[in-house]
Every structure is written in C-alpha cells, then in structure tokens.
Amino acid sequence: MPIPESDGALPIVTAGHPALRATADPVPDPTDPAIARLGRILAHSLWEVGGIGLAAPQIGISLRVVLFSVPARRLTGVRDDVEQAPMVLVNPLITPIGTETEEDWEGCLSLPGLTGRVFAAPPDPLSGRNPGGGDGRSNGGGLPCACGAA
C-alpha cells in the first residue's frame, strides 16, 4: 500500500495481513516528505486506539517506520524504563551491547487480546533516523526498546 495523501488514521491490520507476514522495506530517504506524513498517519492511528507503539506494517504499509511513546502511566519500573515523548524512527535498530536481557509481558495492536513475553536489552536505546533525516534515539531500554523489538 502506498503512503496516503491524507494524514488521517488508518485501521490497524491484524494477524494474517500480508504486510505483517513480509519483511518491511527499508526507507531509502528518511527526509522524503511522505515519510513525515507517514509519521503523522501513525500518530493519528495510534492515538485513536490508545496504544503506545505502532509500526507502519501494522497499518498495511510495508516500510521500516515506527512510532512509539511511553507515558508515565505505562512505566514498568524496570531499569532504564523512562517516559518517552512520541518519537518516529525510520529504519530502527536495536544494537545490543551485552548479553543481559529483561523480559516482560506486552500486547500488540495487531494481535488483539493476546500478550507475549518481550525481551529487551535494558541499557540499549532504540535508534534510527527521524523523518527530518537526523539521528533519533529513545531515552533508554525498558518499554521503548520493547516497543521497537515487538
């Protein structure tokens, strides 16, 4: 599915959708205005359902773009779990520094009603490019890292 011209919310696709079964394509140019628009579409789609993280394939767009935020009400208490303002990352990466991991239960908007164990390296931030082409980095490990890993 191409990126729509409108910033409006798109429905969350669920298990079995082709965009969730394929490897998402890397974004060749994070500064393309369509990628900034995709970030706004992700935000509108996420806020509509009350989630904390959403990837482009979850709205049927097979690109490596993710939006996440961690409000204070969702902090888990694990080390390095801090509030995170809404952030869009293009071609996100998690680069483990060590072998230590932490795990917790997390849900997925594309698997309604189900939860699973998510493993994340606690001190390792999630990184990528932002739609303006600059470096983007989460505040730390914990829930932001789990959002990007899920």
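Biologist: Before we start, what does "buried" mean here?

Modeller: This is a predicted model, so take it as such. For each residue we look at relative accessible area, and exposed is over 50% while partly exposed falls in between. Buried means under 20%.

Biologist: Okay, take strand S2, residues 65-70: how many of its residues are buried?

Modeller: In a regular strand, side chains alternate between the two faces of the sheet. On one side of S2 you have Val 65, Leu 67 and Ser 69, and on the other Val 66, Phe 68 and Val 70, with both faces covered. Count the buried residues in S2 and you get six of six.

Biologist: Ser 69 is in that strand. Is Ser 69 buried or exposed?

Modeller: Ser 69 sits in S2, and the cut-off for buried is under 20%. Its relative accessibility comes out at 8%, so Ser 69 counts as buried.

Biologist: And which residues is Ser 69 in contact with, leaving aside neighbours within four places in sequence?

Modeller: Start with Trp 47 and Ile 52, which are both on the list. The rest of the list is Gln 84, Ala 85 and Pro 86.

Biologist: Which residue in S3 stands opposite Phe 68?

Modeller: S2 has pairing with S1 (residues 53-55), antiparallel over three bridges, and there Ala 55 stands opposite Val 66. S2 also pairs with S3 in the antiparallel sense, over five bridges. In S3, the residue facing Phe 68 is Met 87.

Biologist: S3 also holds Asn 91. Why does Asn 91 count as partly exposed?

Modeller: Asn 91 lies in S3, residues 84-94. Its phi is positive, about 55°, although Asn 91 is not a glycine. Most residues other than glycine have a negative phi. As for exposure, the partly exposed class lies between the 20% and 50% cut-offs, and Asn 91 counts as partly exposed because its relative accessibility is 21%.

Biologist: Now the largest nonpolar core: which element gives the most to it?

Modeller: This core has 19 residues, and those touching the most other members are Ile 3, Leu 38, Leu 42, Ile 59, Ile 61, Leu 63 and Val 65. Two or more residues come from each of helix H2 (33-49), S2 and S3. With seven residues, the top contributor is H2.

Biologist: Which residues is Ile 59 in contact with, again leaving aside neighbours within four places?

Modeller: Ile 59 is one of the core residues that touch the most other members. Its contacts include Met 1, Leu 10, Pro 11, Ile 12 and Val 13. The others are Leu 38, Ile 41, Leu 42, Ser 45 and Leu 54.

How values were computed
Residues numbered from 1 in each chain as written. Predicted model: local features only at pLDDT ≥ 70, side-chain atom pairs only at ≥ 80, totals over all residues. Heavy atoms only, no water. Helix = DSSP H or I, 4+ residues; strand = E, 2+ residues; numbered from the N terminus. Buried < 20%, exposed > 50% of the residue type's maximum accessible area, 1.4 Å probe, protein only. Pairing = 2+ DSSP bridges. Contact = heavy atoms within 4.5 Å. Core = buried A, V, L, I, M, F, W, Y, C linked by side-chain atoms within 4.5 Å.
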